[in-house]
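Q: I'd like a close look at one part of this protein, with the surroundings filled in as you go. Here is what I have in front of me.

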Amino acid sequence: MLRDGGGSPATGPLIRHIFKAEETLLRPSTAWPLAGKSRFSLSPDSSNTLKNPPQDCSYISAAGIVVAHNEDLLTQILLCLPPKSLIRFQCVSRGWLSIISNPSFRRLYCCSSNTRALFLFRKKWRKNPELNFISFSDEYVSSMETAVSRLSSNFFTDGEITDLHSCNGLVAVVLKLRDGSREFSVYNPSTSQQRLIPQLNLLEKRHPFVALNIAFDPLKSDHYKLVCVWWGSPAITDRFAMGIMNISYGFSIYESETGTWRDSGDIFEIDYTPLHTFFRNGVLWNGCLHWITDWKAIVCFDLDKEDINFTLPSPPASMEHSGIWYFGESGGCMYFIDINNPGEMLFDIFELASGCSEWVLKHHLNLAPLTTLYPSMVDEEFDHSDDWRFRFCLTYFVEDENEKKARLVISLLGKVILYDINGIVVKELAEVGPTDTDDDGRDNLYQWKDAYPVMKMLTYV
């Protein structure tokens with residue numbers, strides 16, 4: 001069963017979410033659907049209880065009184081409610097207001113949120129960027145449609161979204177207005193709250209805008225920071241005669257607690273070569289924003305010290321010229337995915353060790369069995385030793401230590417799938433088709449690389 005996602009002219013390729021999708025168990029030589037069983041079932045006793053609820057109103061009233069006066073039990077119930085309901089329920093009583101507005105409850109509420117959906121964002125050369133979503137569960141499709149529609153309608157009426165970054169449930173948006181100026185805004189999809197950020201006094205001609213990142217850790221604070229990266233003037237060096245220049249980058253920080261911008265004072269210089277980082281999609285981990293360069297060096301911006309460093313080791317590279325297949329955070333750990341053997345479709349998933357001294361191999365992944373179901377993942381016209389033959393993208397990686405599951409969201413031609421690495425199980429999440437204005441060809445339909453998890457969040461922006 002299919003259902004269209006998005007709905008805004010800015011959403012780009014049409015994503016049709018597949019409802020009640022079957023899961024398929026893979027084996028090296030075959031694949032077949034799993035038996036259709038719900039993960040949640042009722043025991044005979046509980047089923048009878050639901051079919052024949054107690055009719056004694058005094059019993060129900062007494063149970064309500066017990067819940068109302070048991071703060072621990074009430075807290076557990078409130079943790080199961082959606083954010084907008086919690087905001088309304090703060091008006092029920094002073095007791096409910098005290099519980100819901102308590103920072104410890106808000107942090108607990110955030111921790112109770114697993115990754116159920118992703119925002120998808122894609123920049124296109126000389127074309128409007130594309131905004132969409134993927135839901136892991138049928139029950140979240142409707143709410144995600146609403147979130148994307150509101151995000152699009154709130155911003156596209158005034159200008160064009162040129163960039164987007166998200167961190168732990170909050171979304172930072174870069175909007176280019178009709179007069180050519182830029183505006184920054186922070187949006188909470190859970191509550192539909194939006195905050196316009198004061199303009200940063202940078203002269204575009206002297207310091208062109210590079211990227212905007214948001215850093216938000218709800219386990220530490222209800223406040224967030226924005227890090228704006230701008231381009232300094234090229235510094236001509238003695239090597240100019242060799243055709244090499246140094247490019248400098250500056251950093252400005254906005255704190256929601258104070259509502260003001262300030263410059264970090266730290267200037268980062270890098271050789272201007274075709275291989276350079278654009279400082280988009282920063283990964284928040286251990287109090288720092290991290291970016292990975294094309295040559296696999298990790299640039300860290302310490303949010304407390306407000307300076308740049310290279311303290312983290314570079315992840316191992318199996319192939320000298322392979323691209324960045326994935327770099328991100330999940331469950332409090334940093335992950336990097338690299339290709340091991342293009343001919344056999346082998347990939348390695350590395351995790352940064354707790355002491356930050358090295359990257360350790362966490363999973364050795366064989367994606368060749370997937371071609372049984374999706375032969376278009378590989379273009380046979382290319383040499384088998386060349387990873388250019390691959391027609392898919394590793395969009396997002398989720399490691400759930402509690403459920404002992406590791407899953408990959410893979411976007412390929414016409415499909416977005418969820419791959420359970422441990423169980424070797426595939427679930428089709430959506431079908432992807434071009435819009436009337438998409439003239440980039442079929443290859444463009446699988447290149448979803450900017451993916452951000454959607455989390456329940458009560459934070460006021």
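How exposed or buried is Ser-192?

A: Keep in mind that this is a predicted model. Ser-192 is partly exposed, because its relative accessible area is 25%, and the cut-off for buried is under 20%. You'll find Ser-192 in the loop between strand E9 (182–188) and E10. Its backbone deserves a look too: phi of Ser-192 is near 65°, a positive value in a residue other than glycine. For context, most residues other than glycine have a negative phi.

Now step along into strand E10 (residues 193–197), where Ile-197 sits. Ile-197 counts as buried because its relative accessibility is 4%. Leaving out residues up to four places away in sequence, Ile-197 touches Phe-184, Ser-185, Val-186, Tyr-224, Leu-226, Tyr-254 and Trp-261. There is also a long-range approach to check on your screen: the C-alpha atoms of Ile-197 and Thr-260 are separated by 8.9 Å, with their positions 63 residues apart along the chain.

Another loop residue has a positive phi as well. Asn-281 is a residue other than glycine with phi near 60°, and its place is the loop between E15 and E16. Asn-281 counts as partly exposed because its relative accessibility is 25%.

That loop brings us to the aromatic rings. A pair of aromatic rings is described by the distance of the centres and the angle of the planes. Searching the whole structure turns up 16 aromatic pairs. One of them is Phe-279 with Trp-291, an edge-to-face pair with 4.9 Å centre to centre and 80° between the planes. This pair links distant parts of the chain: Phe-279 is in the loop between strand E15 (268–271) and strand E16 (283–285), while Trp-291 is in strand E17 (residues 288–292), 12 residues apart. Phe-279 counts as buried because its relative accessibility is 0%, and Trp-291 also counts as buried, at 2%.

For another pair, go to Tyr-335 and Phe-397. Their ring centres are 4.9 Å apart and their planes are at 65°, so this pair is edge-to-face. Here too the pair links distant parts of the chain, with Tyr-335 in strand E21 (residues 333–341) and Phe-397 in strand E24 (residues 392–400), 62 residues apart. Both Tyr-335 and Phe-397 are buried.

Back at Phe-279 and Trp-291, there is a wider group to pick out. Ring pairs link Tyr-249, Phe-251, Phe-279, Trp-291 and Phe-301 into a cluster.

A little further along the chain is Leu-303, found in the loop between strand E18 (298–302) and strand E19 (307–309). Leu-303 sits in a loop but counts as buried, because its relative accessibility is 9%. Setting aside residues up to four places away in sequence, Leu-303 touches Ala-215, Lys-225, Val-227, Leu-284, Gly-287 and Leu-289. Of these, Lys-225 is 78 residues from Leu-303 in sequence, and the two are 8.4 Å apart in space, C-alpha to C-alpha.

What about the cysteines? A disulfide is a covalent bond between the sulfur atoms of two cysteines. Here the count comes to zero disulfides. Cys-228 is buried because its relative accessible area is 1%, and Cys-393 counts as buried at 6% relative accessibility.

Last, the empty space inside. Rolling a probe the size of a water molecule over the atoms shows where empty space is left. The structure holds three cavities of 30 Å³ or more, and the largest cavity has about 50 Å³ of space. To find the largest cavity, select its lining: His-17, Ile-18, Ser-135, Phe-136, Ser-137, Asp-138, Val-141, Lys-427, Glu-428 and Leu-429. Strand E2 (14–18) and strand E27 (425–433) each give at least two residues to that lining, and E27 provides the largest share, three residues. Sorted by class, the lining of the largest cavity has four nonpolar, three polar and three charged residues.

To return to your request: Ser-192 is partly exposed in the loop between E9 and E10, and Ile-197, in strand E10, is buried.

How values were computed. Residues numbered from 1 in each chain as written. Predicted model: local features only at pLDDT ≥ 70, side-chain atom pairs only at ≥ 80, totals over all residues. Heavy atoms only, no water. Phe/Tyr/Trp six-rings, centres within 6.5 Å; stacked < 30°, edge-to-face > 60°. Helix = DSSP H or I, 4+ residues; strand = E, 2+ residues; numbered from the N terminus. Buried < 20%, exposed > 50% of the residue type's maximum accessible area, 1.4 Å probe, protein only. Contact = heavy atoms within 4.5 Å. 1 Å grid on protein atoms, 1.4 Å probe; cavity = no way out; pocket = protein on both sides within 12 Å on 5 of 7 lines; lining within 4 Å. Points joined across faces, edges and corners; volume = space filled by probe spheres on them. Nonpolar A, V, L, I, M, F, W, Y, C, P; charged D, E, K, R; others polar. Disulfide = S-S within 2.5 Å.
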